[in-house]
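Hi,

Here is the structure I said I would pass on. Have a look at it first, and then read my notes underneath.

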Amino acid sequence: MNAKPVLHHRVAARRYADAFALRPADAPPPGPGVELYYDEQGMALVYGGERRLFRLRLAPIKARAGQSLLLARACGAGKHPSVADLFAGWGTDGLSLALKGCAVTLVERSPLVWALLDDLIVRHALPATVVRAEAGTWCRAHCRDVDVAYLDPMFPPRRKQALPDKSMQLLRGLAEPDGLDLAEHLEQAKAAARQRVVVKRRLHDPAAGQPAWQLRGGRIRFDVYRV
């Protein structure tokens, strides 16, 4: 059985006792790698030689909620559907849909990412739920449970491209690939959705199968599949 990852905490962290080995600490841990630290300001990732702290913030999510018109149209957000964001990551897209009135479940495989999302949601009383699970396992256990399944798979790195910002570098480093391709993830998502599956893609990336329709922006598009 795998050992629990460690959560270093300055304040009480009983909420996370089932997921982590709790270790009291008055300051962020000094060791290498990426670790969790929980203090009065909330959950943080500790990383880098200078042991920098990364925290999720509400402001970018509120900004995305006001700007993500293509995402909202692709998911039919105006009708306030239930949505499963199956690769939640930092939760920006899923939580922006929640702020638009959708009933959102964020599904995240990485325990460290899950902890940051859970703390953000609880701290700001956001209208969403985050579960720690692998996407395919969750879909099999929740057949036809949501109106919309949303897939935002991590885009593969490109040659001759500037490094992404630190938040995306951290997320890529914490990702736990399951070995499935996009077509397989699409089929899993279809099992969970009652109405549609929405897939976020780079503008010129190939589609998986034949979408019912597409919504195109300047750099990305949303492929929509009927169920």
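Start with helix α7, which lies across β9, β10 and β12 and runs at about 150 degrees to β10. Before you go further, keep in mind that this is a predicted model. Helix α7 covers residues 182-192, and its buried residues are L182, H185, L186, Q188, A189 and A192. If you look down the axis of α7, those buried residues fall within an arc of 165 degrees, so they line one face of the helix. What covers them? The list includes α5 (135-141), β9 (146-151), β10 (193-202) and β12 (220-226). There's also a nice detail at the N-terminal end of α7, where D181 acts as a cap: one of its side-chain oxygens lies 3.3 Å from the backbone nitrogen of A183.

Now for the sheet. It is an open one with 7 strands, in the order β8-β7-β6-β9-β10-β12-β11, and the pairing is mixed. Which strands stand at the edges? They are β8 (128-132) and β11 (213-216), and each has a single partner strand, so one side of each is left without a neighbour in the sheet. From one strand to the next, the twist averages 20 degrees. For a parallel pair, try β6 (residues 82-85) and β7 (residues 103-108), which are joined over 4 bridges. There, D85 has L106 in β7 as its bridge partner.

Next, find strand β4 (residues 42-47), where 6 of the 6 residues are buried. Strand β4 pairs with β3 (residues 35-39) in the antiparallel sense over 5 bridges, and a hairpin of 2 residues joins β3 to β4. Strand β4 also runs antiparallel to β5 (residues 52-54), with 3 bridges between them. That pair forms a hairpin too, with 4 residues in between, and G48 in the turn has a positive phi of about 80 degrees. V46 is a good residue to click on: it stands opposite E35 and also opposite L53 in β5.

Last, a pair of helices. Two packed helices are described by the angle between their axes and the distance between the axes. For α1 (residues 59-67) and α3 (residues 92-99), the axes come within 8 Å and cross at roughly 65 degrees. Is that crossing left-handed or right-handed? It is right-handed. The contact is made by P60, I61, K62, R64 and A65 on the α1 side, and by T92, D93, L95, S96 and L99 on the α3 side.

Have fun with it!

Note on methods:
Residues are numbered from 1 along each chain as its sequence is written. This is a predicted model: local features need pLDDT of at least 70, side-chain atom pairs count only at pLDDT 80 or more; totals for chains, interfaces and linings use all residues. Side-chain values use heavy atoms; hydrogens and water are left out. Buried means under 20% relative accessible area, exposed over 50%, partly exposed in between (1.4 Å probe, protein chains only). The arc is that of the directions from the helix axis to the C-beta atoms. Contact means heavy atoms within 4.5 Å. A polar contact is a pair of N or O atoms within 3.5 Å; within protein, one must be able to donate a hydrogen and the other to accept it, and residues adjacent in sequence count only if both atoms are side-chain atoms. Two strands pair if DSSP finds at least two bridges between them. Axes are lines fitted to C-alpha atoms, for helices over the stretch in contact, and angles run from 0 to 180 degrees between N-to-C directions. A crossing is left-handed if the near helix is turned anticlockwise from the far one by less than a right angle, and right-handed if clockwise.
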